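Student: I'd like a close look at one part of this structure, the enclosed space inside it. Could you take me through that spot and then through the side-chain contacts around the rest of the model?

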Amino acid sequence: MRKTTKLTLFATALFTAMAFTACSDDDDNDTDPGENVLVLTFEDKDFKGGIDNYWTSLVDNPEYNGPLLYTDAASYKFSDDGNTGLKYDGFIDAGYGAAFWSGGYAISNYWSETYEGLGYDRQLTVSTTPNPGPGADGSDNFMIVNSWRSTLEDANSGYTATKPLYIDGAEFEPRYVYATNTSYVLDALHNGSGAAVPATENSWFRLYAEGVKADGSKEYAYIELCTGTDIEQEWVKFDLTPLGKVKELYFFVMGSDDLCGSFGLNTPGYAAVDNLAIKK
């Protein structure tokens, strides 16, 4: 059973304090019917901003080196108008132009029955069991996270920093999100890929959530997407309630030392997320 863990880190403190809590990913006690919990599903039918096929129009074709994420990437952004209100302002220019290669979030609906042999050119693909679609709850669309860090608190340590998910002028409480490994990551963790070595009994690969509060302090939570050779291929629920009330939300991955090299993480720094729930 996957576990969700909370870490607390105050960016301005001289001493870093860590606190840990855990709960199972299948607990559903975070959606009290009396709460104003809204869910970003990335599905066209749920978009309330008055634009047809809004989320699907953000899926690049081809999925690697396509026009949306690379050629015209400076204009790639999204906003969940009329619903959660969450916004994403696009990619950071790390010196090579603003594009997905520098890290960030991208909408996808790519699926493959197998992960075997899939590489960087299939960076937006998942290999979940479709029900009927590949997303959480059988939906069509989901979001790919391309961001990794070498250290927890340094957003630039992995060279794939992202802009945050945020709401204009408002704080919000992340409640949960569903997460899984991408096909590219699955192939690397099972079989090795380039500099990446297969996972061993000592390996771990985690998706982290970072919540930045109004005073600049930060809260962290993570979910295991690989523990030893137990490698997640299906959607699992990631409890975000330990983050509390935040003004910015980030996602990124980290891996154990054996999955890293001299320059950081060798395993591809990707994950997939879907059905992001928040309380306003």
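Tutor: Sure, let's start with the enclosed space. Keep in mind that this is a predicted model. The count comes to one cavity of 30 Å³ or more. The largest cavity has a volume of about 40 Å³. Which residues line the largest cavity? Going along the chain, they are Ser147, Arg149, Ala155, Ala161, Thr162, Tyr250, Phe251 and Phe252. Sorted by class, that lining has five nonpolar, two polar and one charged residues. Arg counts as charged, and Arg149 is on the lining list. Now look at what Arg149 is doing there: it lies over the face of Phe252, at 3.8 Å from the ring centre. Phe252 is also one of the lining residues, so you can find both partners of this contact in the wall of the cavity.

You can spot a similar contact elsewhere. The charged end of Arg206 sits over the ring of Tyr222, 4.3 Å from its centre.

Next, turn to the open kind of space. The largest pocket has a volume of about 320 Å³. Its lining is made up of 20 residues, and the closest to the pocket centre are Trp148, Tyr184, Pro268, Gly269 and Tyr270. By class, the pocket lining divides into 11 nonpolar, nine polar and no charged residues. Two of those central names, Tyr184 and Tyr270, turn up again in a cluster linked by ring pairs. Other members of that cluster include Phe42, Phe47, Tyr54, Trp55 and Tyr76.

That brings us to the rings in general. Searching the whole structure gives 20 aromatic pairs. Take Tyr64 and Tyr120: their ring centres are 5.1 Å apart and their planes are at 75°, so this pair is edge-to-face. Tyr64 lies in the loop between E3 and H1, while Tyr120 lies in the loop between E7 and E8, so the pair ties together parts that are 56 residues apart in sequence. With 35% relative accessibility, Tyr64 counts as partly exposed. Tyr176 and Tyr178 make another edge-to-face pair, because their planes are at 85°, with centres 6.0 Å apart. Both Tyr176 and Tyr178 are buried.

Now for the charges. Side chains of opposite charge can pair when their charged atoms come close. How many salt bridges does a search of the whole structure find? It finds six. One of them joins Glu63 and Arg122, at 2.7 Å from N to O. Glu63 sits in the loop between strand E3 (37–40) and helix H1 (67–71), and Arg122 in the loop between strand E7 (110–111) and strand E8 (125–126), so this salt bridge ties together parts that are 59 residues apart in sequence. You met those loops a moment ago, with Tyr64 and Tyr120. Glu63 is buried, at 6% relative accessible area, whereas Arg122 is partly exposed at 22%.

Two further salt bridges are worth finding. Glu173 and Arg175 meet at 3.6 Å, N to O, and Arg175 is buried because its relative accessible area is 10%, which falls under the 20% cut-off. Asp46 pairs with Lys45, and their closest N and O atoms are 3.3 Å apart. Here Asp46 is partly exposed at 23% relative accessibility, and Lys45 is exposed at 72%.

Notes. Residues numbered from 1 in each chain as written. Predicted model: local features only at pLDDT ≥ 70, side-chain atom pairs only at ≥ 80, totals over all residues. Heavy atoms only, no water. 1 Å grid on protein atoms, 1.4 Å probe; cavity = no way out; pocket = protein on both sides within 12 Å on 5 of 7 lines; lining within 4 Å. Points joined across faces, edges and corners; volume = space filled by probe spheres on them. Salt bridge = Lys/Arg side-chain N within 4 Å of Asp/Glu carboxyl O. Buried < 20%, exposed > 50% of the residue type's maximum accessible area, 1.4 Å probe, protein only. Helix = DSSP H or I, 4+ residues; strand = E, 2+ residues; numbered from the N terminus. Phe/Tyr/Trp six-rings, centres within 6.5 Å; stacked < 30°, edge-to-face > 60°. Lys NZ or Arg CZ within 6 Å of the ring centre and 35° of its normal.
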